[in-house]
Structure formats: C-alpha cells, structure tokens
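Let us look at how some structural labels are earned, by setting computed values against their definitions.

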Amino acid sequence: MLPFKLVYSDNYYLPIGSHVFPAEKYRHIHDRLLASEIAESSDFVVPVPATDRDVLLAHTPQYVEKLKMGTLSAREQLELEVPYSPELVRAFWLNAGGSILAADHALNDGVAISIGGGFHHAFPDHGEGFCMINDVAIAIRRMQRDDKIRTAMTVDCDVHQGNGTAAIFAGMSIPSEPLAPVPNFTVNPSRVAQTRLRGAHVEDVFTISLHQQNNYPVFKPPSSLDLNLPDGIGDAEYLGCLGSALSLGLSEFKPELICYLAGADPYREDQLGGLSLTIEGLKERDTLVFQIAKAEGIPVMVTLAGGYALNVEDTITIHCNTVVAAKEVFGEKG
Ligand SMILES: [Zn+2]
C-alpha cells in the first residue's frame, strides 16, 4: 500500500476523438500502475466534479456560463484546440475536482497524485491549447477558501509555458507583451540569476515555469519565475536548471503547498516538445522535486499535464514513473 493517495476516475477521459492528445492515457496509466504492482486498488480515491462555485474561483462568470450553455464563439472553440461538447465540460469539471481532492490529500499525507489534470493553458476568461479550465488554479483557490492554506507554489515542468496559470495568479486576463529572446544563452545554474524573477507578482501564489522558449505559447505572460530553456537541452542541464529554480524560488517564498505539474512532454521523442530529456532523466526530475519538497516539509500535489510521445507507451511509462519516484522518496508502508 502506498503512503499516499492516487486520485483517478475512468471519467477523466476527454472525449475528443482522434487527437494528438492521447486522452486514453489516464486509463492506461491506472491499469499499468495496478498490473505492475506499483499501486493497489485501495491506493486510489475517486473524485467528484468541481462545483461551479469552485470553478468561479479561477474563472470569470461569463466564461463559465459560455461553457455551461455551449455558447463559445467559433474563435473560442478553435483556440481550445479540442472539440467542444457538454461531455467534455463534464470531464474537465471532474479533472478539477480531482485536483482539489489531490490537494486535500497532499495536505494530510505530504503528497498526492492525480492521474489527470495539469491544464495550465486555461486563462480566467478563455481556454486554449487543449485546456478548458485551470484545475490547479481552482484547487489552490479552493484550499485557500477553505482556510487550509494561505500560500502555494506551482512548479510547472511541462515543456510548454504555464501561461494560463501565470495569468490567473498575476490577476491578468490577457497575455502581456512577448518576452524578448534571451541572447547568448548558456545553461548553468547561474542562469537562474538572469531569469525573470517577478517580485511584483509574488502575492499568495508563486508560479514557476520551466519550459522551452521556442514553443507554444507564443505570448508568455510572466510567471513569478520563468526559465526559458533553449531547444534540445538534455537531462543534466535541465536538472541543473530545475534545482536552481527551486532553490531560488524557495529562498524567495515559503509556500504551504507545492503544485507540481509533471508534464511528460520534455521527453526527447515528444511530438510537441523540443527538449531532449530521457525517460530516466524525467524520473530524476520527479525525484528532485519530491526530495526538495520533503526536505522543506512542504506538501506536494501532483498533476500529469501534457505528453505526446511518438509511442504513447513512453508517455504512460513517464507518468507511471512519477508515482514510482514518489513511492521511492516518500517510502512505502509495510
Ligand atoms: Zn505541454
């Protein structure tokens, strides 16, 4: 039995048809975790959908109404990049409920993982990039509303910048000006000293995003700390940047909860990513986040976010390894 909970429902599945987003991955991860005896069925807890009141903690009433009533404009539907349906709305509400439940369990057990979620491209007033609503932002705001936490930190390791999350916690509703390209980028830990540390936006939620600079989204609203990584970097450079980002972030800000977005798309065989991490390197990444959270005594809630490997089995392995890494760091009950 794991010393933490895995949050999952078969209804996490996003009904989007044949799509680069492998919506069936959630069920395959669940099944593989059981078949490989990484987890047992009693480790799983089943979420209920977020309420509209929860969703409104991070989204505008106008946007929520459009989603519920099916009145998105053609342009808004295009931006979403997944086909709108009432069933899809239900799946996203359930994923948000799963992130709320995972945050709650993380506060009790030190760590919890939702086998879903991480829809970080959803803004207060619109969705984009396969993300309808921002489950992590909703979970943080719900924990705050319930007086369970005052502060949180997002650690977004998806290969794409967490633009929606940055916008929500900066109180912005539209992307700001594009970031200037970073000249003469050299990868080493001192790089962090040159990154954009947005003290002005540090309020109750500190947002960290490690992402490929030359990738979607074109306009990257500033996170509290953005690491704009160059194309093609591998395990060692990435892990150095991550360690530096976490130590700088945690020296600036002491959160009561870390929300870790364990995207599988920094993988070198990802179709939508341009970094060069290996499957082993991605597991080391997860381990590093868990070790630091544990050492700092900060609970960590995990969501999966993106993953578009040429071979979907690799995406499933990377996500399962996140559970293995948590099990190794946080121990196993006898
Ligand atoms: Zn991504």
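A residue is called buried if its relative accessible area is under 20%, exposed if over 50%, and partly exposed in between, with a 1.4 Å probe and protein chains only. The model is predicted, so local features need pLDDT of at least 70 and side-chain atom pairs count only at pLDDT 80 or more, while totals for chains, interfaces and linings use all residues. Residues are numbered from 1 along each chain as its sequence is written, and side-chain values use heavy atoms, with hydrogens and water left out.

Q: Why is Arg32 called partly exposed?
A: Its relative accessible area is 26%, a value that lies between the cut-offs of 20% and 50%, and therefore Arg32 is partly exposed.

Q: What makes the contact of Glu313 and Arg32 a salt bridge?
A: A salt bridge needs a side-chain nitrogen of Lys or Arg within 4 Å of a carboxyl oxygen of Asp or Glu. Here the N to O distance is 2.9 Å, so the pair meets the rule. Glu313 lies in helix α11 (residues 312-330) and Arg32 in helix α1 (residues 25-35), so the bridge ties together parts that are 281 residues apart in sequence; helices here are DSSP runs of H or I with at least four residues, and strands are runs of E with at least two, numbered from the N terminus.

Q: How do you know that Arg145 and Asp54 form a salt bridge, and which of these two residues is buried?
A: Their closest N and O atoms are 3.7 Å apart, which is within 4 Å, so the rule is met. Asp54, at 2% relative accessibility, counts as buried, whereas Arg145, at 30%, counts as partly exposed.

Q: Why do Arg285 and Asp286 count as buried?
A: Arg285 has 0% relative accessibility and Asp286 has 0% as well, so both values are under 20%. Arg285 also forms a salt bridge with Asp286, with the closest N and O atoms 3.2 Å apart.

Q: What makes the site of the zinc ion irregular?
A: The donors, which are N, O or S atoms within 2.8 Å of the metal (3.2 Å for Na, K and Ca), come from Asp158, His160 and Asp265, at 1.9 to 2.7 Å. Four donors count as tetrahedral if all angles lie between 85 and 135 degrees, and as square planar if opposite donors are over 155 degrees apart and all others between 65 and 115. The angles run from 53 to 152°, so neither rule is met and the site is irregular.

Note on methods: Four donors count as tetrahedral if all angles lie between 85 and 135 degrees; four count as square planar and six as octahedral if opposite donors are over 155 degrees apart and all others between 65 and 115; anything else is irregular.
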